[in-house]
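Me: I should like a close look at a single part of this structure, namely the place where its two chains meet. Please explain the terms as they arise.

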Number of protein chains: 2
Amino acid sequence: MSRIEVFPVPGVPEIRKGSDLGEVICDSLSKGGLRLEDGDVVVVKQKAVSKSEGRVVRLSTVVPSPRAKRLAKKEGKNERLVELILREAVRVVRSGHGVIITETRHGYVCANSGVDQSNVGKGLAVLLPVDPDRSARRIRKSIEARSGVGVAVVVTDTFGRPWRRGQTDVAIGCSGIVPLVSYAGRTDAYGYALRVTEPAVVDEIAGAAELATGKLDGIPAAVVRGVRFTRGEVGMKSMIMPRRRDLFR
Amino acid sequence: MSRIEVFPVPGVPEIRKGSDLGEVICDSLSKGGLRLEDGDVVVVKQKAVSKSEGRVVRLSTVVPSPRAKRLAKKEGKNERLVELILREAVRVVRSGHGVIITETRHGYVCANSGVDQSNVGKGLAVLLPVDPDRSARRIRKSIEARSGVGVAVVVTDTFGRPWRRGQTDVAIGCSGIVPLVSYAGRTDAYGYALRVTEPAVVDEIAGAAELATGKLDGIPAAVVRGVRFTRGEVGMKSMIMPRRRDLFR
């Protein structure tokens, strides 16, 4: 057991293409009188990462395919937006009720391939980072070089889920942290073997950070302190359910 | 934005049938020199709630049906355990690879109808509470009567999810808190209407609590402080995806 603290990174300026997010976060913490500690997890929202990497598209420049036009009409969506959604997807998992659920190139199943129009400006759409683990690693190295302490970085996005209403923030990229805690080989206080228990600690960290940042205040990052995690560089691919074990394909 | 703190409730004794969880939690906090504050969210793990409500079954007393025997054989599971899983379910959603995914009477889709053998003792299985919202309400009232402050209570369990490996703790019951934050009618800093954004704050709280308690130390409760939430008594039924909107039925 441990005590967890989560605090938003305040006063982060508008992120532009080429912004060094590690630098921006360290500067903002410093101005806010906050210091990183060894073992902190720095959580950065996808949108800030995507903006810094230039993953922003002006919709008027997108030419929709016939397939995008058909799907857009069916779901009552903008056909240029649907074109982007399809380009970012390897398959459409479900569509209906104005919702398009896809599997992204990274292997995530989510609404609209993660393409989003909120918090970016009129006529623009933001795509997920090409390689969110690599984004997380770059941010981690920048933060560690500036702060002198060892941290983990988790890049998060807001995903819905089947069967339950609402969304939670989940991890889409990570560096310096093993995303699943394995209890394999451990037993509970009664001697029962915890064979299949693997808490998705990066997702719980992502959700905890969202409690601190919210959606409206333009806060793109938070620090989660006190989490017991295993340092490592296995990335989020270890979290994608292997196709042969996936009961919901 | 806000600063969040999560701390485990230390030193909770073994929970037995009839234990008043609100009393147990207040006593343990008090012995640990901790005080509840107005607006705290007290997170209680399902297993403690189920034990206090006598939802524990000795497997040797369960007579498996032919259907349970067939499914148990197919998935390589104990047939008495499968009998309990089927009794708690309204339907089997998927089964395969030794996993049985069901929809529970409450409307939750999860592995094994939430029936669990960890942290309970050999030969025993724990069922989900009959009405976890009612459980949460009872605990909240007991805590409020003792502490004199207004709190919310969230009852949590550990659920897997499709497409991603690992599990996160999620809410299965709540009292004193509206489970979804609605941004409907709100706009982001760029004027974009956040139509469909409804953070499942109870699930993010559940995950944050799990970061503090872990699975091994026998800590059945945690306090999450600093969350901005709406007080209310709508319960978890508001979080179940309506059948007509469910793309994954």
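How many bridges join S1(A) to strand S1 (residues 4–8) of chain B, and in which direction do these strands run?

Reply: This is a predicted model, in which local features need pLDDT of at least 70 and side-chain atom pairs count only at pLDDT 80 or more, while totals for chains, interfaces and linings use all residues. Residues are numbered from 1 along each chain as its sequence is written, and chains are lettered from A and ligands numbered from 1 in the order in which they are written.

Three bridges join S1(A) to strand S1 (residues 4–8) of chain B, and the two strands run antiparallel. Strands here are DSSP runs of E with at least two residues, helices are runs of H or I with at least four, and both are numbered from the N terminus. Two strands pair if DSSP finds at least two bridges between them. Within this pairing, A:Glu5 stands opposite B:Glu5 of S1(B).

The strand pairing belongs to a contact between the chains in which 64 residues of chain A meet 64 residues of chain B; two residues are in contact if their C-beta atoms, placed from the backbone, lie within 7 Å. On the side of chain A that touches chain B, at least two residues each are supplied by strand S1 (4–8), S4, S5, strand S9 (164–175) and helix H6 (201–213) of chain A. The largest share of that side, ten residues, comes from H6(A). By class, the side of chain A that touches chain B has 32 nonpolar, 15 polar and 17 charged residues. Here Ala, Val, Leu, Ile, Met, Phe, Trp, Tyr, Cys and Pro count as nonpolar, Asp, Glu, Lys and Arg as charged, and the others, Gly among them, as polar.

The relation between the chains can also be stated. A turn of 180° and a shift of 0.0 Å along the axis lay chain A on chain B with an RMSD of 0.0 Å, the superposition being by least squares on the C-alpha atoms of residues with pLDDT of at least 70 in both copies. That is the relation of a two-fold axis. The same surface serves both copies, since 100% of the contact residues of chain A recur in chain B.

Two of the contributing strands, S4 and S5, also belong to an open sheet of three strands in chain A, with the order S4-S5-S6 and antiparallel pairing. Its edge strands are S4 (89–96) and S6 (109–111) of chain A, each of which pairs on one side only.
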